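Work through the exercises below with the model open beside you. Try each task before reading its solution.

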Amino acid sequence: MRVAPEGRGLRALVLAALAFGLIGPIAAGLWATARAGFGVMPVIGATEASLAPWSALFALPGLATSLKVTAFTGIVSTLLSLILALALTAALQPRLTGGRAARLLAPFLAIPHAALAIGLAFVLTPSGWIARLLAPILGLDRPPDIALVGDPWGIALILGLMLKEVPFLMLVSLAGLTQIPLAQHLAAGRSLGYGRAAVWLKLIVPQLWPLIRLPVMVVLAYALSTVEMGLILGPSNPPVLAVLLTRLFFAPDTALLLPASAGALLQGGLVAAAFALLWLTERALAMAGRFWLCRGGRGHGLDPILPLARGLGMIAAALGALAMLALLTWSFAWRWPWPAALPESWSLRAWTGAAPGLARALGLTLALALATTALSLALAVAWLEGEDRARSPRAPWAEALIYLPLLVPQIGFLYGLNVLFLRLGLSGGLAAVIWAQALFVFPYVMITLSDPWRALDPRLARAAASLGAGPWRRLFTVKLPVLIAPILTAAAIGVAVSVAQYLPTLFMGAGRIATLTTEAVTLSSGSDRRVTGAYATLQTALPLAAYAAAFLVPALLHRDRRALRGGGA
Amino acid sequence: MRLHLAAAALAASLATAPAVADDWQATLDAARGQTVFWNAWGGDGRTNAFIDWVGDETARRFGVEVRHVKLTDTAEAVTRVISEKAAGRDEGGSVDMIWINGPNFLAMKEQGLLHGPFVESLPNAAYLDLSPGAPATVDFTEPVEGMESPWRLARFVFAFDTARIDVPPETMAEFVPWAEAHPGRMTHPDPSNFMGATFLKQALIELAPDASALQSPAGDAVFAEATAPLWAWYDALRPNLWRGGAAFPENESIQQQLMNDGEIDIAMYFDPAAPAAAIRQGLLPDTARVFVPKGGSIGNVSFVAIPYNAANREGAMVVANFLLAPETQAQMQNIDVLGAFSVLDPARLDDAGRAAFAALPDDPALPRLDELGPTLIEPHASWMTRLTEAWADRNTR
């Protein structure tokens, strides 16, 4: 009985922190954007509410095409990523548990979206690496004039998104599987004569789906609103909606801020519509699936899916690895003209030339990553511990709340958020950037930490309680040490997310907080691959070091505790 | 009272020169210890290095530090000042100085977002030609009125690879037959980008029936009449552009990368020294050279402006003044450093200043000013907006 008020206090504290720190800013940002979208933005002299921004938006040439391409690339990339991630998980699961999976996936999780996109563009483009290898064989003296990157359908964009999202979805699927009595269900299915793929499809995936639904929605929202990847890999005339809006937001004519804001609302609407579609599909599949399950087919015909997935997964991994290798090679190149397969001349200038700025940016990036991750981790642990003490599962609204910053397109609230921070006198400082980054780091930390936390054997805490340990002692001496591996994995992901933040850092830091990512984007404007390569290597190295620490620290701490060693996530 | 005013006016007229000097000393005193946040496009490593050098020098000489806030687009800084105004932060703003261009200058001037006039209070403004109508007094036909200070010249030029092309097109009109003979070998940045719009403007000036109409705001009828030949020219050109005219590079540096990758043979810049600089950076083949259309090319002056709420206004003025010093301008025009052409009026330089410019090194890829032909004046800023919109209307589906 003594425990209850304490638990309630902790929960109230966490809720208050979230309400003021998370929902408040986002709501304020959305409010400012919504007002501007309906014509009210006093600072540029717009005071009359009207629908004019909307008619200006819909009068933009190519808007319909842009919407179509955005919806197509967003939905198709998410769908394909999900299918491939599940099939790969099923195909590799017996050999791919815990730390091994995380080690394999870590580089793909660590590399920032923009860097991967630039590397991939160089691999795929008609003057790129693959074409250069083929040029002597095919006798090409000039690159063929084919749109392999930036194609009107957005195929290259879909591919780039998949390279980033499949590893992420695999990671959350593997974490989700720890919640399911996997071995028993697989054995039961096999003993009833179901094929391997069929067991997964009929038994495991329906149980896994509720555990990965929100991460899938995060992927969907990201794919529909990415600026960097759309810019580098997507079509250009017209571009995807988020790129179109960025152009409007940064047009010299400030009156365009109004239709840009209306467009940000439209972007939000598009994401909401995609969520509705997902929900409808889920319902329809649930009904059709029940029928299909009851028919009882053993589904041996499905088994070739698994080697196929393995093959596709290997191709994807090879492409991703090539993209990363391309960036690393470029960072040491000097001249590397078409059709040379390797640089004509080498140089360290990309590294040494940027060195002074690089060192400062590295320091700031590291400081920001540590601060945002520590903050997010503390909040996440407090939230999860609060749930434990209340002995209540998470309400759906609370779940949605955590994910809110990832579900609302960034461009829809960052401008308004900036105005709010300015009013509070916060903008332009480290604190503002930490706050803004934490909005996006916290959800990922929660995604990664929640499942291992719930999977913790409750008997440990009960045993400690029966030995007289209070709730705080149980938290600090039992739960946290046992959960050190997943906590460090969550921290590593937090570091990766923090390092990659571009728009929040730029807006809230008034451009003064120069991190690796903001420097990489501005220095090269996306075009000097050597500089991009140097920065991207560091951008990837920092989270990779965090992942390495996440594997090594538990292994060292728990070198004599076998069950605690493997990264649970 | 009247007598007092008259006396003051007399005193002021008698003592103009010392008064300016005193005021400037006051500015220098106030600036000491300030850190100027200079918001400038950060996409060019050599410009970034030059800005770093400027900061080292102003710190050493005047105790004014410079921090380069690197932008991907100048409008970022404009948006930042707007959101500060929205939040009521009328003092202590985060942007002290902006490297600004015509359309953004017009927007900020119209919205009352600029500090000034301040140019005439800069001692080094004496080296500028500020007579009415001089290039440093108008920005996209908008009168500068002392609200922004010049620092480098911009000229529109093309670059081509002499190893691949023998004779580049001589006029904008000749791009059509050239592209027909070399399909897919040229393109231009998307016109929503500054450089893409400039390409269209360059063609517009050459092709418009009456180029003088471009100096006034673009009304509907005038716009339709002036642009009709442009669109006929573009419709003939577009099918033979890179990717069949269905995709365009985002900006000039992406286009330069396409040229370096061998995908196209022509790039374009707003700086005659840019190709020479790019060769030295390994970003273009050694065989790249500059060409301009026979009738000359668009030129303008790059300026720096100070927002109305700048926290370090005096420091920004000290930096703007330092940028106009003859030795700074000579350093800037040195192709080993940056190569950007100076904005100073040679006639106003003293012997030491002239000698500094005469001693600058040469580069085979660097054109001489007389090779660039006449400078064409920028159309009124409204033409750029309308051209961009009309291009999208015609070419984006």
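**Exercise 1. In which hand, left or right, does H7(A) pass H9(A)?**

Start with the ground rules. This is a predicted model, in which local features need pLDDT of at least 70 and side-chain atom pairs count only at pLDDT 80 or more, while totals for chains, interfaces and linings use all residues. Residues are numbered from 1 along each chain as its sequence is written, and chains are lettered from A and ligands numbered from 1 in the order in which they are written.

Step 1. Find the helices. H7 of chain A covers residues 155–177, and H9 of chain A covers residues 196–225. Helices (H or I, at least four residues) and strands (E, at least two) are DSSP runs, numbered from the N terminus.

Step 2. Read the crossing. H7(A) passes H9(A) in a right-handed crossing. A crossing is right-handed if the near helix is turned clockwise from the far one by less than a right angle, and left-handed if anticlockwise.

Step 3. Add the geometry. The two axes come within 9 Å and cross at roughly 160°. Axes are lines fitted to C-alpha atoms, for helices over the stretch in contact, and angles run from 0 to 180 degrees between N-to-C directions. H7(A) and H9(A) are therefore roughly antiparallel. The classes are these: under 35 degrees is roughly parallel, over 145 roughly antiparallel, 65 to 115 roughly perpendicular, and the rest oblique.

Step 4. List the partners. From H7(A), the contact includes Leu161(A), Phe168(A) and Val172(A). From H9(A), it includes Leu208(A), Ile212(A) and Val219(A). Two residues are in contact if their C-beta atoms, placed from the backbone, lie within 7 Å.

Step 5. Sort by class. The contact holds 12 nonpolar, 2 polar and 1 charged residues. Ala, Val, Leu, Ile, Met, Phe, Trp, Tyr, Cys and Pro count as nonpolar, Asp, Glu, Lys and Arg as charged, and the others, Gly among them, as polar.

**Exercise 2. Describe how H9(A) packs on H12(A).**

Step 1. H12 of chain A spans residues 257–295. Its axis lies 10 Å from that of H9(A), at an angle of about 165°.

Step 2. H9(A) and H12(A) are therefore roughly antiparallel. Their crossing is right-handed.

Step 3. Among the H9(A) residues in the contact are Met217(A), Leu220(A) and Leu224(A). H12(A) brings residues including Leu270(A), Phe275(A) and Leu278(A). The classes come to 10 nonpolar, 2 polar and 1 charged.

**Exercise 3. Which element gives the most to the domain 1 side of the domain contact in chain A?**

Step 1. Set the bounds, which come from an automatic or database domain assignment. Domain 1 of chain A is 63–347, and domain 2 is 349–394 + 428–569. Their C-alpha centres lie 23 Å apart.

Step 2. Count the contact. Domain 1 gives 33 residues and domain 2 gives 35.

Step 3. Name the contributors. H7, H9 and H13 (305–331) of chain A are among the elements giving two or more residues to the domain 1 side. H4(A) gives the most, with 8 residues. That side divides into 23 nonpolar, 8 polar and 2 charged.

**Exercise 4. How many residues of each chain meet, and which element of chain B gives the largest share?**

Step 1. 54 residues of chain B are in contact with 45 residues of chain A.

Step 2. The largest share of the chain B side, 10 residues, comes from H4(B). That side divides into 18 nonpolar, 22 polar and 14 charged.

Step 3. Zoom in on one helix pair. H17 of chain A (residues 414–423) packs on H4(B) at about 55°, with the axes 9 Å apart. The two helices are therefore oblique to each other. Tyr415(A), Asn418(A), Val419(A) and Leu422(A) meet Ser83(B), Glu84(B) and Ala86(B).

**Exercise 5. Is H12(B) enclosed by the rest of the structure or open?**

Step 1. Count buried residues. In H12(B), residues 326–333, 6 of the 8 residues are buried, so it is largely enclosed by the rest of the structure. A residue is buried if 20 or more other C-beta atoms lie within 10 Å of its own, exposed if 12 or fewer, and partly exposed in between, with C-beta atoms placed from the backbone.

Step 2. Name them. They are Pro326(B), Thr328(B), Gln329(B), Ala330(B), Met332(B) and Gln333(B).

Step 3. Find the cover. It includes H3, E6 (148–155), H11 (313–323) and H13 (351–358) of chain B.
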